[in-house]
Amino acid sequence: MTTTLITGANKGLGFETARRLVAAGHTVYLGSRDPERGHRAAEQLGARLVVLDVTDDASVAAAAKTVEADGGLDVLINNAGVEQRGAGNTVIGAADVTAAMMRDVFETNVFGVVRVTHAFLPLLQRSAAPVVVNVSSGLGSMAHVTDPAAPAYAYPGVAYPASKTTVNMITVQYAKAFPAMRINAVEPGYTATDLNGRTGTQTVEEGAEIIVRMAQIGPDGPTGGYFDAEGPLPW
Ligand SMILES: NC(=O)c1ccc[n+]([C@@H]2O[C@H](COP(=O)([O-])OP(=O)(O)OC[C@H]3O[C@@H](n4cnc5c(N)ncnc54)[C@H](OP(=O)(O)O)[C@@H]3O)[C@@H](O)[C@H]2O)c1
């Protein structure tokens, strides 16, 4: 039996990933910072609610204690993420981004990943087949944002893509440090969720595909990689 924790799984890609992994037979801990939203989502899916705010040390420590007491963890999916937008759902570009905005985005997308991974490492190290999936973004690809032919080139935001490039670096460094684990970054693709005001062009079913796939790789699968549904992406 595989036990899986998904952060930020009360809606969007995390919720769809939870639905699919419950169907695949995983015992799923559905992470939600809001108990009420999390309770509704977990009940709907037959998942276990774990209240977890990735920006809060005490919340993450308590969640790790709960999961440990219940028997441990095999798969961690760092999915919780934010993209700050301005009025009218506009992306905040270089002229308007502030240090405080950067800090807010990094607190969830970057420090949240490290906070949660660090807290759950001892549990993962006791698993026979530990897996970590970091939900990054194609906007974190330096190769894509510097290529005028790539759609990511036109994205004007600063904080969000910088945070996801950092997630990619974190993924590589953790993968090298823990060769017994499969640790990868994934790009779901531009998906209609609350994160982008539902402007995404894919469904959550399509977006969750690569997250679900990388959550199910075995010990002979890749590690330290960056993938979308079509295969490896350039950093
Ligand atoms: N949608 C896309 O096009 C796209 C593309 C590439 C990558 N991604 C990535 O995919 C991941 C999921 O995003 P989504 O599109 O599914 O967005 P979403 O529908 O807005 O879901 C984001 C989830 O993260 C949770 N969250 C935010 N801050 C949190 C915190 N401090 N602690 C715990 N949970 C927190 C949210 O909880 P609340 O309900 O409490 O706010 C929500 O459950 C993110 O990492 C995002 O960057 C999305």
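Which helix supplies the largest share of the shell around the ligand? Keep that in mind as you go through these close-ups of a predicted model.

**View 1. The ligand and its shell.** The answer is helix H1, residues 12-23, which brings three residues to the shell. In total, 30 residues surround the ligand, and the closest are Gly8, Gly12, Gly81, Thr193 and Leu195. Sort the shell by chemistry and you get 14 polar residues, nine nonpolar and seven charged.

**View 2. Strand E5, covered on both faces.** E5 spans residues 131-135, and five of its five residues are buried. Val131, Val133 and Val135 sit on one side, with Val132 and Asn134 on the other.

**View 3. The strands that pair with E5.** Strand E4 (residues 75-78) pairs with E5 in the parallel sense, over four bridges. Look for valine 75, whose bridge partner in E5 is valine 131. E5 also pairs with strand E6 (residues 182-186), again in the parallel sense, this time over five bridges. Here valine 133 stands opposite asparagine 184 of E6.

**View 4. Helix H4 and its two sides.** H4 runs over residues 99-109, and its buried residues include Val105, Thr108 and Asn109. These three lie on the same side of H4 because they cover an arc of only 90° around the axis. That fits a simple rule: an α-helix has 3.6 residues a turn, so residues three or four places apart point the same way. Ala99, Ala100 and Arg103 are exposed, on the face turned away from the buried side of H4.

**View 5. What H4 packs against.** The buried residues of H4 pack against two helices, H5 (111-125) and H7 (159-177).

Terms used
Residues numbered from 1 in each chain as written. Predicted model: local features only at pLDDT ≥ 70, side-chain atom pairs only at ≥ 80, totals over all residues. Near = placed C-beta within 6 Å. Nonpolar A, V, L, I, M, F, W, Y, C, P; charged D, E, K, R; others polar. Buried ≥ 20, exposed ≤ 12 C-beta atoms within 10 Å, placed from the backbone. Pairing = 2+ DSSP bridges. Arc of directions from axis to C-beta. Contact = placed C-beta atoms within 7 Å.
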